[in-house]
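Student: Could you take me through one part of this structure closely, starting from a single buried position and working outwards to the packing around it? I would like the reasoning spelled out as you go.

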Amino acid sequence: MTGSISLADKLATFQDYWSPRTVTTFNDCDVMVVKLKGEFTWHKHDDTDDFFLVLKGRLDIELRDRTVTLGPGELYVVPKGVEHRPVAREEVHLMLIEPTGTPNTGDKATAAARKLA
């Protein structure tokens, strides 16, 4: 990496929702940005935690026993094995960090393809 990365600039390069874009990697992890709107599917990650940092908007992370609501600058980590569903009632911008190759649905058969920003 030769310079800084503007997450806002990376987010401006695409319009589709629920399609994470890798902006860099470190320690075998992808640092990604993604735009969300609507409800994602209920899912879990058996082998990894799920890191969410809200950059813009408000995100509800529904868990089976409660809902965690995040605003800009707030983060939450869903522990591995915990079923959850992100819900964005308006457009939300996120930064995600997860081990390279982790399927966003927890299942490789239904996961979005990895794209670069």
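Tutor: A residue is called buried when its relative accessible area is under 20%, exposed when that area is over 50%, and partly exposed in between. The model is a predicted one, and within it His93 has a relative accessible area of 10%, so His93 counts as buried. His93 belongs to strand β7, which covers residues 84-99. Its side chain makes a polar contact, at 2.8 Å, with the side chain of Glu91. Once neighbours within four places in sequence are set aside, the residues in contact with His93 are Leu11, Val34, Lys35, Leu53, Val54, Leu55 and Lys56.

Two of these contacts lead on to Phe14. Lys35, one of the residues that His93 touches, lies over the face of Phe14 at 5.3 Å from the ring centre, and Arg21 also lies over the face of Phe14, at 4.1 Å from the ring centre. Leu11, another contact of His93, is included together with Phe14, Val23 and Val31 in a second, separate core of 8 residues.

The strand that holds His93 also takes part in the largest nonpolar core. In that core of 18 residues, those that touch the most other members are Leu36, Phe52, Leu59, Ile61 and Leu94. Two or more residues come from each of β2, β3, β4 (59-63), β5 (67-70), β6 and β7, and β7 gives the most, with 4 residues. Leu36, leaving out residues up to four places away in sequence, touches Tyr17, Trp18, Leu59, Ala88, Glu90, Glu91, Val92 and Leu94; Glu91 in this list is also the polar partner of the His93 side chain.

Trp18, one of the residues touched by Leu36, brings in the aromatic rings. A search of the whole structure finds 1 aromatic pair, formed by Trp18 and Phe40, which are stacked with 4.8 Å from centre to centre and 20° between the planes. Trp18 sits in the loop between α1 (7-11) and β1 (21-26), while Phe40 sits in the loop between β2 (29-39) and β3 (50-56), so the pair ties together parts that are 22 residues apart in sequence. Both Trp18 and Phe40 are buried.

Gly81 offers a contrasting case in the matter of accessibility. Gly81 lies in the loop between β6 (75-78) and β7 and, at 38% relative accessibility, counts as partly exposed. Its C-alpha atom is separated by 5.4 Å from that of His45, although the two residues are 36 residues apart along the chain. Beyond its neighbours within four places in sequence, Gly81 is in contact with Lys44, His45 and Asp46.

Key:
Residues are numbered from 1 along each chain as its sequence is written. This is a predicted model: local features need pLDDT of at least 70, side-chain atom pairs count only at pLDDT 80 or more; totals for chains, interfaces and linings use all residues. Side-chain values use heavy atoms; hydrogens and water are left out. Rings of Phe, Tyr and Trp (its six-membered ring) pair if their centres lie within 6.5 Å; planes under 30 degrees apart count as stacked, over 60 as edge-to-face and the rest as tilted. Buried means under 20% relative accessible area, exposed over 50%, partly exposed in between (1.4 Å probe, protein chains only). A charge sits over a ring if NZ of Lys or CZ of Arg is within 6 Å of the ring centre and within 35 degrees of the ring normal. A polar contact is a pair of N or O atoms within 3.5 Å; within protein, one must be able to donate a hydrogen and the other to accept it, and residues adjacent in sequence count only if both atoms are side-chain atoms. Contact means heavy atoms within 4.5 Å. A nonpolar core is a set of buried Ala, Val, Leu, Ile, Met, Phe, Trp, Tyr and Cys residues joined through side-chain atoms within 4.5 Å.
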